[in-house]
Amino acid sequence: MGVKHGRDYGEILTELTEAVGRIPDSYVFFEMDPEDWGRLEDVEQAEVHEALAEDLFYALGTEPVITVGSGVVMHDRTNHRIHILIGEEELAFVALV
């Protein structure tokens with residue numbers, strides 16, 4: 001189902017991919033260890049981040065808070081945003097409208 005959005009999905013996906021890439025251990029979401037992650041080429045890591053962003057976009061439609069490695073991705077329905085945090089620090093947000 002995904003989250004409700006008014007912006008172009010491609011733009012949202014691009015921004016969300018970049019945002020989840022800021023979580024240093026985002027690969028843990030796919031049960032990868034640091035060695036496996038380190039063996040991937042930059043292009044492959046970008047593909048993993050895009051797959052993660054797609055998974056999160058759809059999962060946030062039913063689960064408003066998802067842990068990704070040491071980070072948390074939250075769907076803020078009131079303000080129509082997806083927030084990416086580590087602890088109390090907001091790394092990024094993606095506007096949905």
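**Exercise 1. Describe the surface and charge of the chain.**

The accessible surface of the chain comes to about 5,700 Å². Carbon and sulfur atoms account for 51% of that surface. Accessible areas come from the Shrake-Rupley method with a 1.4 Å probe, and for residues only the protein chains shown count as cover. The model is predicted: local features need pLDDT of at least 70, side-chain atom pairs count only at pLDDT 80 or more, and totals for chains, interfaces and linings use all residues. Residues are numbered from 1 along each chain as its sequence is written, and side-chain values use heavy atoms, with hydrogens and water left out.

Next, charge. The chain carries 6 positive and 21 negative side chains. Lys and Arg count as positive, Asp and Glu as negative; His and the chain ends are not counted. The centres of the two sets lie 10 Å apart. Each charge is placed at NZ of Lys, CZ of Arg, CG of Asp or CD of Glu.

**Exercise 2. Lay out the fold and test the chain for compactness.**

Step 1: list the elements. The chain has 3 helices and 4 strands. Their order from the N terminus is α-α-α-β-β-β-β. Helices (H or I, at least four residues) and strands (E, at least two) are DSSP runs, numbered from the N terminus.

Step 2: compare the radius of gyration. A compact globule of 97 residues would have a value near 13 Å; the chain has 13 Å, so the two agree. The radius is taken over C-alpha atoms, and the globule rule is 2.2 Å times the number of residues to the power 0.38. Along the principal axes, the C-alpha atoms fill a box of roughly 40 × 30 × 20 Å.

Step 3: check burial and contacts. Of the 97 residues, 37% count as buried. Buried means under 20% relative accessible area, exposed over 50%, partly exposed in between (1.4 Å probe, protein chains only). Among contacts (heavy atoms within 4.5 Å) between residues at least 6 apart in sequence, 49% join residues at least 24 apart.

**Exercise 3. Place E31 and H80, and give their phi angles.**

Start with the background. Most residues other than glycine have a negative phi.

Now E31. Its phi is near 60°, a positive value in a residue other than glycine. E31 lies in the loop between α1 (9-20) and α2 (34-39). E31 is exposed, at 75% relative accessible area.

Then H80. Here phi is near 55°, again positive. H80 sits in the loop between β2 (71-76) and β3 (81-86). H80 is partly exposed, at 38%.

**Exercise 4. Which rings form a cluster with Y9?**

Step 1: count. The structure holds 5 aromatic pairs. Rings of Phe, Tyr and Trp (its six-membered ring) pair if their centres lie within 6.5 Å; planes under 30 degrees apart count as stacked, over 60 as edge-to-face and the rest as tilted.

Step 2: take Y9 and F57. Their centres are 5.1 Å apart and their planes at 70°, so the pair is edge-to-face. Y9 is in helix α1 and F57 in helix α3 (residues 42-59), 48 residues apart. Y9 is partly exposed at 24% relative accessibility, whereas F57 is buried at 2%.

Step 3: take Y9 and Y58. This pair is tilted, with 6.2 Å centre to centre and 45° between the planes. Y9 in α1 and Y58 in α3 are 49 residues apart. Y58 is partly exposed, at 42%.

Result: ring pairs link Y9, F57 and Y58 into a cluster.
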